[in-house]
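Welcome to a walk through a protein model. Keep your viewer open, and select each part as we come to it.

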Amino acid sequence: MMEVKEKQFTAELEAALESVQTDQKDKLFSYTEKINQVNLYRFLEKAVQLAFPRTFWSSANEDFQMAGAGHAFELSAEVSGSRYDQVEQDWNALLSDAIIYNPYHTSGTGVVALGGFSFDPLKPRTALWRNFPSSHFSIPNYILTQIDGDYYFTINRFISYEDSYASLLEELQNNRQTLLDNRGQQNDTSVLRIQHKKEIAPDQWKKTIKKATDVMKNTSIDKIVLAREVRLHFNQAANISDILKHLVDTQSNSYVFGYEMGGDCFIGATPERLVKVKDDEVLSTCLAGTARRGTTVEEDEQIASNLFEDSKNRKEHNYVVQMIRSTMETYCSEVSVPDEPVVHQYKTLQHLYTPVRAKLKKEHGIFSIISGLHPTPAVGGTPRQDALAFIRDKELLDRGWYGAPIGWMDSNNHGEFAVALRSALIQKDEASLFAGCGIVEDSIPESEYEETKIKLMPMLSVLGVD
């Protein structure tokens, strides 16, 4: 550290330890400094050397990224009916006692919690998702934040009144030096390749679609989203930082995330924002209705036009828009919704898109919005509870965190969550990929199957498919 920053840091650490010892109460100490440019992916590689679990977030359409190392504190709730409230209460309690030095108040600095939820806490968890609870958030020990070309480094350390100042200072300084060292190992020239790809029961999945359409003909259910799994085996253990970098470089306009637990890492590049909160400004977006990209400009424009005019996709899209509007009107004021969607284009897909903006009411926070929005009709169906009951009973897949809220929040009253689509659970030299589509009464199983193949391509393209 530069001398002036060194003095500031040691003074803040001394004061924090004195406060903890005076109150005889453990507290979270958070210190943020502005630093020179550091490679975020090298930071993630250094975290492995220190045996820290890693977290990562890159926002769509913004120059904003975070990389986290370690778990200074963890928030988790397993009780399905109160998991949002429990996490929010624990988060607020943590902040009420935290000792925070952050003169910048920039998004993604200070105390930052990254994490997410499972899709359906009532669905029995299988061994595939054994390391991922119903909800889990971590405050990383060390966070590297890049926003609009500026770089910030945050240290979060839970301090006990029995801690020694000298040992604390040595630990934090040594880890800081290691993590921010841009020097690294020689580039690995080995290439990740898929040795074996197995689609999990595709024929049975198509039969489940037929069951869903039959149910919809005889009930009030309008839509059921069904997902399926593809299992991959690689020629070597996957390099998480390389995959994340590849996703950021190739999946424009997508939220790229990584969350490591127990040696497994859930990663993805999702185009779908669930909710963003900055002070009292709220933004949610509907991204429902999907088509492929064309091979020529003319074909691309024609596919986009067909998507915009397609009654099935417009109907599905409107389900989501109306649900978001209803949720926003419950927790917000000044709700604003455009009259019709536009087509947003991504590298391999294009989607119908509608933004919904509002002002957050003072008595509510970001988890209030999440509890109202999840699962949207785009990932669950409508009516919500009836569709969820069908999915819980008939879907072959344990979705785990797939299709669920994943994101971050900070002590500056900023936060953003996306829907964890276009994702994979990586387990060393294996991975499970997930994709789903909305089933309506006239859905054709083979067509829906082909749609999931398109949706799997973004992840397959960075995991060894030429």
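On this tour, two residues are in contact when they have heavy atoms within 4.5 Å of each other. Keep in mind that the model is a predicted one.

**Stop 1: two helices that meet**

Select residues 311-331, which form helix α8, and residues 366-373, which form helix α9. At what angle do α8 and α9 pack? The angle is about 145 degrees, and the two axes lie 9 Å apart. This crossing of α8 and α9 is right-handed.

Now show the side chains where the helices touch. From α8, pick Met323, Ile324, Thr327, Met328 and Tyr331; their partners in α9 are Ser368, Ile369, Ser371, Gly372 and Leu373. Sorted by type, the residues of this contact are six nonpolar, four polar and no charged.

**Stop 2: a helix with two sides**

Move on to helix α5, residues 202-218. Its 17 residues reach 25 Å from the first C-alpha to the last, close to the 24 Å expected at 1.5 Å a residue.

Which residues of α5 are buried? Color Trp205, Lys206, Thr208, Ile209, Ala212, Thr213 and Met216. These buried residues cover an arc of only 150 degrees around the axis, so they sit on the same side of α5. Give another color to Asp203, Lys207 and Asn218, which are exposed on the other side of α5.

To see what covers the buried residues of α5, add some of the neighbors. Among them are β11 (223-234), α10 (384-394), β23 (430-439) and α11 (445-460).

**Stop 3: another helix to color**

Next, select helix α7, residues 297-309. With 13 residues at 1.5 Å a residue, α7 should span 18 Å, and the end C-alpha atoms are indeed 18 Å apart.

Color the buried residues of α7: Asp300, Ile303, Ala304, Leu307 and Phe308. They lie on the same side of α7, because their arc around the axis is only 135 degrees. Turn the view to the face away from this buried side, and you will find the exposed residues Glu298, Glu301 and Glu309.

What covers the buried residues of α7? The cover includes α8, which you selected at the start, together with β15 (281-292), β17 (342-345) and β18 (349-360).

**Stop 4: a buried threonine**

Zoom in on Thr109, in the loop between β5 (99-101) and β6 (112-117). Is Thr109 buried or exposed? Its relative accessible area is 0%, and buried means under 20%, so Thr109 is buried.

Now show what touches Thr109, leaving out residues up to four places away in sequence. You should find Thr32, Asn102, Thr145, Tyr152, Thr154, Asp410, Ser411 and Asn412.

**Stop 5: some backbone details**

Here is a rule to carry along: most residues other than glycine have a negative phi, and most peptide bonds are trans.

Start with the peptide bond from His374 to Pro375, which is cis, with omega near -10 degrees. Pro375 is placed in the loop between α9 and β19 (381-382). Then go to the bond from Thr382 to Pro383, which is also cis, with omega near -10 degrees. Pro383 belongs to the loop between β19 and α10.

For phi, select Glu334 in strand β16 (residues 332-336). Glu334 is not a glycine, yet its phi is positive, at about 55 degrees. Its relative accessibility is 60%, and exposed means over 50%, so Glu334 counts as exposed.

Lys428 has a positive phi too, near 60 degrees, and is likewise a residue other than glycine. Look for Lys428 in the loop between β22 (423-427) and β23. At 55% relative accessibility, Lys428 counts as exposed.

**Last stop: distances to try**

Select Gln86, in helix α3 (residues 83-97). Gln86 is partly exposed, with a relative accessible area of 31%. How far is the C-alpha atom of Gln86 from that of Lys217? The separation is 39 Å, for residues 131 apart along the chain.

Finish with Val48, in helix α2 (residues 40-49). Val48 counts as partly exposed, at 46% relative accessibility. Val48 and Ser59 are eleven residues apart along the chain, and 23 Å separates their C-alpha atoms.

How values were computed
Residues numbered from 1 in each chain as written. Predicted model: local features only at pLDDT ≥ 70, side-chain atom pairs only at ≥ 80, totals over all residues. Heavy atoms only, no water. Axes fitted to C-alpha atoms, helices over the stretch in contact; angles between N-to-C directions. Helix = DSSP H or I, 4+ residues; strand = E, 2+ residues; numbered from the N terminus. Left-handed = near helix turned anticlockwise from the far one by under 90°. Nonpolar A, V, L, I, M, F, W, Y, C, P; charged D, E, K, R; others polar. Expected span 1.5 Å × (residues − 1). Buried < 20%, exposed > 50% of the residue type's maximum accessible area, 1.4 Å probe, protein only. Arc of directions from axis to C-beta.
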